[in-house]
Amino acid sequence: MPRPSAPYTCCLQWWLWVLKRGLVVIGLIPLLLEGASATYVASNIKPPNPPREFRGLWVASVANIDWPSKPGLPAAQQQAELRALLDRAVQLRLNAVIMQVRPACDALYASKYEPWSEYLTGRMGQPPSPEYDPLAFAVAEAHARGLELHAWVNPFRARHFSGTSPASSQHLSQARPELVRSYGKQTWLDPGEPAAREHSLRVLLDIVQRYDVDGLHMDDYFYPYKEKDAAGKVIEFPDATTYERYVRSGGKLSREDWRRQNINQFVENLYLRVKAAKPWVKVGISPFGIWRSRVPPEITGLDAYEQLYADSRLWLREGWVDYFAPQLYWSHDAAGQSFSVLLQWWRQQNVKHRHVWPGLNLYRVGKAWPVDELLRQVQAARQTANSGHLLWSASPLLANQGGAADALSRSAYTNRALPPACAWLDAKAPVRPRLYGGGNPTLNALVITVDTPQGATSPRWWVVQTRRQGRWDLELWAGSKRTLEWTGAALPDVVAVRGMDGTGRLGTAAVLEKSPSSRQKK
């Protein structure tokens, strides 16, 4: 620490200089609470329970839908775009970003199993320039803003029809062509191949193990949506050889049930292996919003059970997810696809009491329906404990399409909220933190150092609640942060800090209150 120059040699002025610059020494700060400059004291005030609601935002990289805005941008511009997106999420009081990092057997992160994505650099296999790791960057930037970061992956899509770059030698279509099938405009891993399922599991577990993500997320791509030939006839997915091998080995299931079993096994194995590696990492799936046509009876539309071989109701009923986000991209009044009817039906299937948070379609706001329909859907999603929803996707929100961002900020997200806890995940509540420090009315500054008792593990998050003129506000700060600082005339009257682990479990709060003498001086 540098020594101050001559004007600061007075003991009091020295401490003011230290405090003003945030140069806090944990072992010395308690002295401030006892000295003449102390303005905050320990308190027994109990802060209110923080509001809980999952407010997630999908950020798609495939075809450069949301981020980066186009392939091949310099690394600095990619990072600036992502920072701006995260800043906007914070301004709107969202609390989670679901970022697509594996769109089609490629990677928007440094992977030893799959090549760099062409949506990042313009050429598959080519790293960003200068090289950096976008997923590590996104996690750090999100956590610095109090946002969860969920890694969104597509388990079996091998190539999207928007891809134009030559396939890298590291891409599975070149390295393991026996696992890959051409299907219409797309290229797909064959889920019936055990080696294909194992490859995807290995890739996904690698993300969980190497990155400090808060969740692992999959959407509705397991077997592909049906493709048609030039005559309009549905093309059969080319897995006849794989199925025949299964039958020769003694398999008894029909081809359709066998396909569903392949996906069921994958989903179950993924959940169990993620929990074995990092129990606090949330596993989320966002399936097509209709499980089966005519279930419930008034619902019609694409039958995901029959056409995508996705028995998504089973995954929810078996508890192979921590949160379930059916894509309910229709309005309340949609004939055959009522938002409220589908939401209620999915909630009824939730026998293991996981989180059911519907996916909402921002692209239809201002086009197919008014913004009031979006607000109705948010309110409908709140008619249950531990509520939440996910917004599809970042681009219309950032553009304020149909006034969606303004309406959410003004009417729906009037306060900050924590993601709901996952009560079924075994966890021990974080210990009560220790707070050192205080404020000085002359500097209009409050600096608090927070740490945990010796031997205790730091929490994943600090939940910080501040009270001003009777109103409580909420912030979420990374558990690695040690110095909390406020400046300005409107310093809080009360500061409460408690730890929160990755499952959402809260510890006991430590509280500082502005001393009565300080309030009188003000």
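# A guided tour of the predicted model

In β20, Lys514 is the bridge partner of Tyr40. Select these two residues to begin; the coordinates on screen belong to a predicted model.

**Around the starting pair**

Extend the selection to β1 and to β20, residues 510–514. These strands pair in the antiparallel sense, and three bridges connect them. Now show the whole sheet: it is open, has five strands in the order β1-β20-β19-β16-β17, and its pairing is antiparallel. The edges are held by β1 (40–42) and β17, each with a single partner strand, so one side of each has no neighbour in the sheet. Looking along the sheet, one finds a twist that averages 25° from one strand to the next.

**Confidence colouring**

Before moving on, colour the model by pLDDT. The average for the protein is 91, and 91% of the residues score at least 70. Select residues 1–38, where the pLDDT is below 50; in the model this stretch has 43 contacts beyond near neighbours in sequence. Where pLDDT is low, the predicted coordinates should not be read in detail.

**The nine-stranded sheet**

Next, select the nine strands of the second sheet on this tour, which is open and follows the order β11-β10-β9-β8-β4-β3-β2-β13-β12. Here the pairing is parallel. Its edge strands are β11 (355–356) and β12 (359–361), and each pairs on one side only.

Within this sheet, pick β9 (residues 282–285) and β10 (residues 323–324), which run parallel and are joined by two bridges. Which residue of β10 is the bridge partner of Gly284? The residue to label is Tyr323.

Add two helices to the view. Helix α5 (residues 134–144) lies across β3 (96–102) and β4 (148–153), and runs at about 150° to β4. Helix α9 (residues 255–277) lies across β8 (215–218) and β9, with an angle of about 160° to β9.

**A hairpin**

Select residues 180–183 (β6) and 186–189 (β7): these strands run antiparallel and are joined by four bridges. Ser182 has Thr187 of β7 as its bridge partner. Two residues lie between the strands of this hairpin, and Gly184 takes a positive phi near 60°.

**Backbone exceptions**

Most residues other than glycine have a negative phi, and most peptide bonds are trans. Three places in this model call for a closer look at the backbone.

- Select Cys105, which is not a glycine yet has a positive phi of about 50°. Cys105 lies in the loop that runs between β3 and α4 (118–121).
- Select Val295 and Pro296, joined by a cis peptide bond with omega of about -5°. Pro296 is placed in the loop between β9 and α10 (304–307).
- Select Trp392 and Ser393, where the peptide bond is also cis, with omega of about -10°. Ser393 is found in the loop between β13 (388–392) and α14 (394–398).

**Pockets**

Keep Trp392 selected. Which residues lie nearest the centre of the largest pocket? Trp392 is one of them, together with Arg157, Asp219, Asp220 and Tyr221. This pocket has a volume of about 350 Å³ and is lined by 20 residues. Its lining divides into eleven nonpolar, four polar and five charged residues.

For the second largest pocket, select Asn415, Arg416, Trp472, Asp473 and Leu474, which are the closest to its centre among the 14 lining residues. The volume of the second largest pocket is about 250 Å³. Strand β17 (residues 471–478) gives the largest share of this lining, five residues; β17 is also an edge strand of the five-stranded sheet seen at the start. By class, the lining of the second largest pocket has five nonpolar, four polar and five charged residues.

**Enclosed space**

Rolling a probe the size of a water molecule over the atoms shows where empty space is left. How many cavities of 30 Å³ or more does the structure hold? There are four cavities of that size. For the second largest cavity, with about 50 Å³ of space, select Glu148, Lys282, Pro419, Pro420, Trp461, Met500, Asp501, Gly502, Thr503 and Gly504, which line it. That lining has four nonpolar, three polar and three charged residues. Among these residues, Glu148 belongs to β4, and Lys282 belongs to β9, which leads the view back to the nine-stranded sheet.

Technical notes
Residues numbered from 1 in each chain as written. Predicted model: local features only at pLDDT ≥ 70, side-chain atom pairs only at ≥ 80, totals over all residues. Heavy atoms only, no water. 1 Å grid on protein atoms, 1.4 Å probe; cavity = no way out; pocket = protein on both sides within 12 Å on 5 of 7 lines; lining within 4 Å. Points joined across faces, edges and corners; volume = space filled by probe spheres on them. Nonpolar A, V, L, I, M, F, W, Y, C, P; charged D, E, K, R; others polar. Pairing = 2+ DSSP bridges. Axes fitted to C-alpha atoms, helices over the stretch in contact; angles between N-to-C directions. Contact = heavy atoms within 4.5 Å. pLDDT = per-residue confidence, 0-100.
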